[in-house]
Amino acid sequence: MPLQPHSRRTSGGATAAAAMAASRRPGRRCGAAGAAGSGSPCAGREVRGDASFRWSPPRTDSRGATSWTEASAGASIGFPCCGLGTRGRRLLAMAPLSTRLLIQRGRPKSNRLGKIRSLDLSGLNLLSEDLDHTLLGRLKQLQELDLSDNQLETLPADLGLPHLHVLHCANNQLSDVTHLCQFPQLEELSLEGNPFLTVSDSLKVTFLLPELRKFNGKDASTTRSKAESLNRELTTRVATHWKKFMAALSPEEQAQAQADFVKSAVRNVRYGPMSLSEFTQWRVRMISEELVASGGTHARETDMPEGSHKATATQQPRARPVALRRPGDTLLSLSPQKRMCTSLLAPVEGSLVGSDSSQLEPLHFLQCHSKNNSPSDLKTQLWACAFEPAWDEGQAGAASQTVATCGGEAVCVIDCQTGIVLHKYKVPGEEFFSVAWTALTVVTHTGHKKRWNVLAAAGLRGLVRLLHVQAGFCCGLIRGHRKAIATLCFSPTHETHLFTASYDKRIILWDIGTPNQDYEFQASHLLTLDTTSTPLRLCPVPPCPDAYLLAGCEGGCCCWDVRLDQPQKKRVCEVEFVFSEASKVSGQRVDGLAFVNEDVVASKGSSLGTICLWSWSQTWQGRGSQPTVAVVVLAWLQWSPTILAYFSLSTCPDKGLVLCGDEQGSVWIYDVRPLLAQRSPPQTAPQAPTQILKWPQPQAMGQTVTKTMVNTVVANPAFTYLTALTDSNIVAIWRRGEP
């Protein structure tokens with residue numbers, strides 16, 4: 001939970017320590033939240049109850065990561081609205097393209113199509129089939145074409161414009177860029193406002209258009225640099241796969257199996273973030289086909305034209321040394337995408353038991369939330385992170401490696417494998433406290449289904465921002481609370497249902513809806529849950545997520561009935577859970593809450609230095625009609641003896657793990673499967689952690705980062721990557737090695 005900007009907790013007497021702990025309470029920031037949030041502008045329209053909001057296009061920063069920025073109150077917005085929602089108010093489409101229309105809209109003025117060099121066909125509601133290649137092919141001298149603000153889903157493959165240098169296709173419905181290869185002389189391209197185009201398509205463009213210099217108003221060299229880096233690694237991996245594939249075959253089989261190699265390579269060669277899988281598979285297919293065509297004699301490192309390499313050689317920014325591996329190590333020079341270095345293996349106590357016994361190796365330490373992008377910022381506090389859900393429905397449970405993190409005025413989306421910051425969303429004057437993902441299925445006006453992973457982010461201003469990260473859009477915002485939002489989460493069963501919890505002591509359930517054909521949302525207010533203290537953590541109950549919601553609050557652990565078939569739209573806490581059956585004492589802070597499996601809850605804060613495992617089903621069955629119920633404790637886990645609060649815990653249900661950071665920079669890992677399997681009564685003595693990851697103490701700008709507070713620890717479902725967020729503006733990523 002948020003601290004004052006530069007507050008730090010210190011040890012001392014009980015009174016002093018309690019005062020310092022109180023200074024870290026989220027409620028200390030709420031006084032400014034209302035003022036900051038009430039007048040903040042937004043790229044879209046604010047939502048109160050039922051209203052609509054619109055998309056805005058992204059911008060790309062100097063490191064190649066997509067970056068959005070919102071202006072503070074009283075300033076102008078840093079980018080224009082993409083205008084997708086205005087189509088219904090445009091003039092109806094004119095008659096099909098004709099010679100007369102082209103002459104009217106062409107420049108310079110001429111009665112001959114062959115003399116036109118610039119043509120504006122924007123805002124005509126043109127469909128793809130309206131682009132008559134026979135007619136457009138007569139524009140032999142055309143150098144600039146504007147097709148913005150239409151309804152194009154694809155570009156015909158044979159428009160016949162060999163001298164086209166500038167093409168604007170903003171605010172359409174394009175979903176593919178491969179047909180752009182017909183314009184080999186293109187130097188400037190605009191594709192903003194096409195919500196079905198992704199980062200993968202941006203990388204494809206750099207291969208398809210060798211002369212491209214400006215893309216979406218920005219220098220194309222940064223995108224090209226990222227594509228080249230991925231391409232080099234993919235080329236190496238395809239070549240390695242070729243050797244293994246052919247080594248397993250006899251000479252007779254090799255001649256017949258080369259065609260099968262392409263399918264094998266596309267299926268098995270993997271690298272880079274999941275969000276770029278479309279691009280990487282596309283390139284793997286091209287590289288492997290080239291390798292087969294050459295008979296395996298060579299695989300060129302890249303198909304990037306020579307002109308492209310020259311451009312990047314002169315325009316690529318120099319890598320800036322930003323970190324040391326450890327005290328005493330030499331200075332590292334890293335790629336511009338990485339904000340800090342990859343650290344060596346840190347001291348590790350213990351090892352995981354069972355089938356998952358393998359070391360967790362420190363992989364990346366990133367300083368990507370810095371205020372004003374300052375490398376000396378070691379004070380911005382990071383609060384929440386969440387792994388992106390798998391892209392394909394068939395990948396349910398797959399190992400996601402893309403994580404969203406929030407803290408300060410930024411939300412970052414990071415690929416854990418490479419350490420590249422894929423996207424950065426920035427709002428000056430905001431402080432983000434929570435992020436959550438959902439996967440939406442939308443239908444285009446032609447009936448095509450598209451999957452959108454949407455990221456919700458909220459914080460100090462009391463606003464929820466919905467970010468369509470893959471396409472690089474800020475969907476808009478919902479003004480749901482008068483004060484700061486402490487946490488939010490999506491329903492596990494309804495992809496559009498979002499819970500938001502605020503310091504105004506309310507939890508609201510929203511239905512954000514799905515976008516219509518104009519890409520507008522209709523957000524509706526479903527329920528209001530009143531609390532007697534600030535809600536800190538939210539957990540829909542897995543066996544009945546549509547019926548009950550658990551919340552860890554400043555005043556304890558509470559439960560609400562959230563069934564929508566009940567008439568009351570405003571509800572109070574139905575039952576409060578306490579952790580001492582003898583005293584039935586309530587009012588104890590619960591700042592950590594998560595389900596280990598369908599029944600077992602892990603909670604922290606009610607008892608000093610321990611984490612409690614308790615049974616939801618047994619506790620609920622013994623409730624009766626009592627408003628206060630003692631939980632049925634299954635086990636206690638030993639944790640840090642600190643009296644400081646707001647260290648969030650998380651769980652990895654597929655692996656039976658509980659994770660929590662502490663005030664020393666350590667990560668505590670508990671494999672609780674043996675505890676849950678035992679039938680004997682719970683032991684009174686707390687169980688020791690299975691493993692403790694010690695803080696590796698990296699250096700930044702010559703300054704050693706020691707004993708930082710780890711506010712949040714989250715692992716992906718397969719437990720291949722573990723991400724920790726600190727009080728010192730560091731995103732730490734560990735990778736689990738092979739057993």
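## Helix α5 and its two partners

Helices α5 and α6 are roughly perpendicular to each other. That's in a predicted model, so keep in mind that everything here is computed from it. The two axes cross at roughly 90 degrees and come within 9 Å; α5 covers residues 199–208, and α6 takes up residues 221–247. On the α5 side, the residues that meet α6 are Ser202, Leu203, Thr206 and Phe207. Facing them from α6 are Thr223, Arg224, Lys226, Ala227, Leu230 and Asn231. Sort this contact by class and you get 4 nonpolar, 4 polar and 2 charged residues.

Helix α5 also packs against α8, which spans residues 277–293. Here the angle is about 35 degrees and the axes are 7 Å apart, and α5 passes α8 in a right-handed crossing. From α5, the contact uses Ser200, Asp201, Leu203, Lys204, Phe207 and Leu208, while α8 brings in Ser277, Glu278, Phe279, Trp282 and Arg283. By class, that makes 5 nonpolar, 2 polar and 4 charged residues.

## A seven-strand sheet

Now for some strands. Seen in order, β3-β4-β5-β6-β7-β8-β9 make up an open sheet of 7 strands with mixed pairing. Strands β3 (106–107) and β9 (218–219) sit at the edges with a single partner strand each, so one side of each has no neighbour in the sheet.

Inside this order, β4 (residues 118–120) and β5 (residues 144–146) pair in the parallel sense, with 3 bridges between them. If you want a spot to look at, find Ser118, which stands opposite Glu144 in β5.

## A four-strand sheet

Further along the chain there's an open sheet of 4 strands, ordered β18-β19-β20-β21, and its pairing is antiparallel. The edges belong to β18 (432–443) and β21 (473–479); each has a single partner strand, so each is left with one side lacking a neighbour in the sheet. On average, neighbouring strands here are turned by 25 degrees against each other, direction ignored.

Strand β20 (residues 463–468) runs antiparallel to β21, and 6 bridges join the two. One pair to pick out is Leu463 and Arg479, with Arg479 standing opposite in β21.

## A loop residue under cover

Between β14 (382–387) and β15 (402–407) runs a loop, and Ala390 lies in it. Ala390 is buried, with a relative accessible area of 14%. Ser400 is 10 residues away from Ala390 along the chain, yet their C-alpha atoms are separated by 5.9 Å.

## Strand β38 and its neighbours

Last stop: β38, residues 667–671, where 5 of the 5 residues are buried. In a regular strand, side chains alternate between the two faces of the sheet. In β38, Val667, Ile669 and Asp671 point one way, and Trp668 and Tyr670 point the other way. All of these residues are buried, whichever way they point.

Strand β38 has an antiparallel pairing with β37 (residues 657–661), made over 5 bridges. The hairpin of these strands has 5 residues between them, and in it Gly665 takes a positive phi near 90 degrees. Strand β38 also runs antiparallel to β39 (residues 691–693), joined by 3 bridges.

Which residue is the bridge partner of Cys660 in β38? Trp668 is that partner, and Trp668 also stands opposite Ile692 in β39. Trp668 is a handy place to start when you trace this part of the model, with Cys660 as its bridge partner and Ile692 opposite in β39.

Methods:
Residues numbered from 1 in each chain as written. Predicted model: local features only at pLDDT ≥ 70, side-chain atom pairs only at ≥ 80, totals over all residues. Heavy atoms only, no water. Axes fitted to C-alpha atoms, helices over the stretch in contact; angles between N-to-C directions. Parallel < 35°, antiparallel > 145°, perpendicular 65-115°, else oblique. Contact = heavy atoms within 4.5 Å. Nonpolar A, V, L, I, M, F, W, Y, C, P; charged D, E, K, R; others polar. Pairing = 2+ DSSP bridges. Left-handed = near helix turned anticlockwise from the far one by under 90°. Buried < 20%, exposed > 50% of the residue type's maximum accessible area, 1.4 Å probe, protein only.
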